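Welcome! Take a moment to look over the sequence and the model, and then let this short briefing guide you through the main features.

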Amino acid sequence: DTSHGTILYLEDISVSFDGFKALNALTLYIDAGELRCIIGPNGAGKTTMMDVITGKTRPDAGSAWFGQTTDLLTLSEPQIAEAGIGRKFQKPTVFEQHTVMENLELAVAGTKTIWTTLGSPLDRRQHERIEEVLETIRLQDRRSMRAGMLSHGQKQWLEIGMLLAQEPRLLLVDEPVAGMTPQEVERTAELLLSLAGKHSVMVVEHDMDFVRSIARRVTVLHEGHVLAEGTIDEVQNDPRVVEVYLGE
Ligand code: ADP
C-alpha cells in the first residue's frame, strides 16, 4: 500500500540569485511511497529545488511542507535531515579507509556521533537495520572490504545504504547512474524500485533510458518551474518538452 497521502508539498517557491529567478513559483507534490524522476535541461533549477528541500537555500517566497505538520522553511539543514529527508549527491562520499560494514555502522549511529561511534557497541535493532540495508544494496559479500576498494557503482550503493541506515522517509538522489557500467545501471534501477513504497524517492537524472526504466511519474523542470508532468511517454511527446530539449 503506497497511498499514505502527500509527503512533500512545494508551493509557489521562488529563489533569486542577483535578480535571476532560479526557481519561479515552483509547485510540486510528491506522494508518500512514490519514485519520482525530475528531469530538465541544465539551469532548469533542479539543484536549487533540492537545496530548498534540504534547507541549504532559503526561498524568497513560497511554502515547503514535509508531511502535514513539518514546515521545512522553519528548520535548519541538520533539523531537516533529522526529520527524515536524506540527500545523495552525485559523487560518492564514503569513508574509503573503512570497511563497508563500518561505513554502515557509522551511518546507523547517526551523523552527530560519526567520529566517536566506531568500536562502540550497537544495539540489536541497529544490527538488524544494517543487515537489512546490506541485503537491500546487495553488498553482503563485500561487508569486510574497505570501501575504497569497491567499484564506482558499489560505492554509490553503499552511500545509498548509509542514507537508508538513517531510515529517511524521503530520499533525494542526484544522477545516481552517471559513470556506471550498464550492469551497474540495471542494478541501480532494481535498487531504487525496491525502495519505492517503503520510502519516497526523488531522482534527478539525465539518462532517459534510465528514467524510463524506473519512473512511473516524471516531472520536467524548465526555467524554475514545472513545464510538464506525467509518464515518460507523455512528457517525451509533449511538444513543449521537445522544444526545450531541442534548444539545448
Ligand atoms: P540545474 O540543477 O537544473 O542545472 P540549478 O538549480 O543548478 O539548475 O541552477 C538554476 C539556475 O540558477 C542556473 O542558471 C544557475 O546558474 C543559477 N544558480 C544556481 N545557484 C546559483 C548561485 N549560488 N548563485 C548564482 N546563480 C546560481
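At the heart of this briefing is an open sheet of 6 strands, in the order S6-S7-S8-S3-S9-S10, with mixed pairing. The edge strands are S6 (85-88) and S10 (225-230), each of which pairs on one side only. From one strand to the next, the twist averages 20°. Please keep in mind that this is a predicted model.

**Strand pairs to look for**

- Start with S6, which runs parallel to strand S7 (residues 170-174) and is joined to S7 by 4 bridges.
- To find your place in this pair, look for Ile85, whose bridge partner in S7 is Leu170.
- Now turn to S9 and S10, which run antiparallel and are joined by 5 bridges.
- Here Val218 stands opposite Gly230 in S10.
- S9 and S10 form a hairpin, with 2 residues between the strands.
- In the turn of this hairpin, Glu223 has a positive phi of about 50°.

**Helices lying across the sheet**

- Helix H1 (residues 46-53) lies across several strands: S3 (35-39), S6, S7, S8 (200-204) and S9 (217-222).
- The direction of H1 is at about 150° to S7.
- Helix H9 (residues 239-246) lies across S9 and S10, and runs at about 125° to S10.

**Around the ligand**

- The residues surrounding the ligand are Phe17, Ala22, Gly40, Asn42, Gly43, Ala44, Gly45, Lys46, Thr47 and Thr48.
- Which helix gives the most to the shell around the ligand? That is H1, with 3 residues.
- By character, the shell around the ligand holds 3 nonpolar, 6 polar and 1 charged residues.

**A pair of helices**

- Two packed helices are described by the angle between their axes and the distance between the axes.
- For helix H5 (residues 152-165) and helix H6 (residues 182-195), the axes come within 10 Å and cross at roughly 15°.
- Because angles under 35 degrees count as roughly parallel, H5 is roughly parallel to H6.
- The crossing in which H5 passes H6 is right-handed.
- On the H5 side, the contact is made by Gly153, Trp157 and Ile160, while H6 brings Glu184, Arg187, Thr188 and Leu191.
- The residues of this contact between H5 and H6 divide into 3 nonpolar, 2 polar and 2 charged.

Methods. Residues numbered from 1 in each chain as written. Predicted model: local features only at pLDDT ≥ 70, side-chain atom pairs only at ≥ 80, totals over all residues. Pairing = 2+ DSSP bridges. Axes fitted to C-alpha atoms, helices over the stretch in contact; angles between N-to-C directions. Contact = placed C-beta atoms within 7 Å. Near = placed C-beta within 6 Å. Nonpolar A, V, L, I, M, F, W, Y, C, P; charged D, E, K, R; others polar. Parallel < 35°, antiparallel > 145°, perpendicular 65-115°, else oblique. Left-handed = near helix turned anticlockwise from the far one by under 90°.
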